[in-house]
Amino acid sequence: MYDLVIVGAGPAGATAAIVATRLGLRTLVVDRFKPPREKPCGGGLTPRTWRMLERMGIEYSWYGECREVRVKVADINYTHRGDPIRVTRRPEFDKALLDQSGAEFAVDRVLRVEGGRAVGERGAYEGAVVVGADGANSAVARSLGEPPPSPKTHGIAFMSVAGGSLGDTCIVDFDFAHEETGGVGYAWAFTLGDRGVDVGIGIGWGPWADLRGPLAKWAESLGLRTGAVMGHPLSLGSVRRLGSGNVILAGEAAGLVDASTGEGIYYAVATGALAAQAAYVALKVRGKPAEAAGIYAE
Ligand SMILES: Cc1cc2nc3c(=O)[nH]c(=O)nc-3n(C[C@H](O)[C@H](O)[C@H](O)COP(=O)(O)OP(=O)(O)OC[C@H]3O[C@@H](n4cnc5c(N)ncnc54)[C@H](O)[C@@H]3O)c2cc1C
């Protein structure tokens, strides 16, 4: 039996694992994929995100920096210059975090959580506390009674790593997304340095749509060529349940995304760290694992 079983090795689960092992908790991370694995994402780490990672002493690589962000909204153009957004690739970023944890790791698709057991296709994993960090389509959240993602709670976003270069400039265009899809959201182009450009379109508060056509057009308008295209639901920020008893939900499993920008990595890292701390207090200070979700919610 583990002190902590973490379902999901994205930024929420990997950060929870780093903090848990630093606190001396015997920790297992279960993910349906062996890292490195793809996760559709813009890879944008805002200044508050990379500062938090720095404060926690967590290391990772990034490939481009948005030193200026050109924004277009309602026919208004403005350029934001400030602390840069660092742009990473999620396969490498998530693996770097998980590797730093030193936690045990198992590949399995978790189907549900029963008490302190995460039940997967290949086995059951027992933890005094379980953290559901399994993202937008969280099986752990569904075990607690949450509905699967739908257009009521989640938008949809498509991305690709495109060939070409934008230098240190990044672009966020709300008008393009609206004109091409009729939806509310934005198209982005985030520089990945000599690895190309992360381009994407996300929309919410309406029906889900296949955005591959608009994405190709967006890239073309910037003189870029899309590669493989991936789509994924994205929480609209409606915070779901934060857990129950000895089961805690962290990151997007709890719906924690900024609804106006789609920024989710910040909340994933922050709540992953908080989840591990709550588990530690419940287990090692109070000796009552069933209080973990209550401590976390406070
Ligand atoms: C196209 C797109 C672009 C985005 N761009 C940005 C951006 O630029 N900046 C930003 O801050 N945010 C962005 N976001 C949001 C961000 O990607 C997410 O909010 C963030 O990844 C959430 O982290 P997480 O650790 O909670 O979940 P995830 O990163 O989704 O990780 C969940 C993990 O759980 C695993 N898993 C899932 N189900 C199971 C299961 N049943 N059993 C076992 N393992 C399971 C998955 O394999 C995965 O490793 C974007 C989202 C999308 C869709």
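**Why these labels? Bridges, rings and a helix face**

Visitor: What makes E180 and K217 a salt bridge?

Guide: Their closest N and O atoms are 3.2 Å apart. The cut-off is a Lys or Arg side-chain nitrogen within 4 Å of an Asp or Glu carboxyl oxygen, so the pair passes. Keep in mind that this is a predicted model.

Visitor: Where do E180 and K217 lie?

Guide: E180 sits in helix α5 and K217 in helix α6, so the bridge ties together parts that are 37 residues apart in sequence.

Visitor: Why is E180 called partly exposed?

Guide: Its relative accessibility is 29%. Buried means under 20% and exposed means over 50%, so E180 falls in between. K217, with 44%, is partly exposed because that value is also in between.

Visitor: You mentioned α6. How do you know that its buried residues line one face of the helix?

Guide: The buried residues in α6 (residues 212-221) are P214, L215, W218 and A219. Looking down the axis of α6, you find them within an arc of 135°, so they line one face. As background, an α-helix has 3.6 residues a turn, so residues three or four places apart point the same way.

Visitor: What do the buried residues of α6 pack against?

Guide: Quite a list, including α5 (174-181), β12 (184-191) and β14 (229-235). After α6 comes G223, with a positive phi near 75°.

Visitor: Back to charges. What makes D94 and R37 a salt bridge?

Guide: Here the N to O distance is 2.7 Å. That is within 4 Å, so the pair counts as one of the structure's 22 salt bridges. D94 is in helix α3 and R37 in the loop between β2 (27-31) and β3 (44-45), so parts 57 residues apart in sequence are tied together. Both D94 and R37 are buried.

Visitor: What about E92, and which residue does it bridge to?

Guide: To R195, with the closest N and O atoms 2.9 Å apart. This pair links helix α3, home of E92, to the loop between β12 and β13, where R195 sits, 103 residues apart. E92 has a relative accessible area of 32%, so it is partly exposed by the 20% and 50% limits. R195, at 39%, is partly exposed too. Elsewhere, salt bridges join E54, E65, R67 and R86 in a network.

Visitor: On to the rings. Why is the pair of Y60 and F93 called edge-to-face?

Guide: First, the search of the whole structure turned up 7 aromatic pairs. For Y60 and F93, the ring centres are 5.5 Å apart and the planes meet at 70°. Centres within 6.5 Å make a pair and planes over 60 degrees apart make it edge-to-face, so the label fits. The two rings are 33 residues apart: Y60 in the loop between α2 (47-55) and β4, F93 in helix α3 (residues 90-101).

Visitor: Are these two rings buried or exposed?

Guide: Y60 has a relative accessible area of 12% and F93 has 0%. Both values are under 20%, so Y60 and F93 count as buried.

Visitor: Why is the pair of W188 and F190 called tilted, then?

Guide: Their centres are 6.2 Å apart and their planes are at 35°. That angle is neither under 30 degrees, for stacked, nor over 60, for edge-to-face, so the pair is tilted. W188, at 8%, is buried, and F190, at 10%, is buried as well. Ring pairs join W188 and F190 with F174 and Y186 in a cluster.

Notes: Residues numbered from 1 in each chain as written. Predicted model: local features only at pLDDT ≥ 70, side-chain atom pairs only at ≥ 80, totals over all residues. Heavy atoms only, no water. Buried < 20%, exposed > 50% of the residue type's maximum accessible area, 1.4 Å probe, protein only. Helix = DSSP H or I, 4+ residues; strand = E, 2+ residues; numbered from the N terminus. Arc of directions from axis to C-beta. Contact = heavy atoms within 4.5 Å. Phe/Tyr/Trp six-rings, centres within 6.5 Å; stacked < 30°, edge-to-face > 60°.
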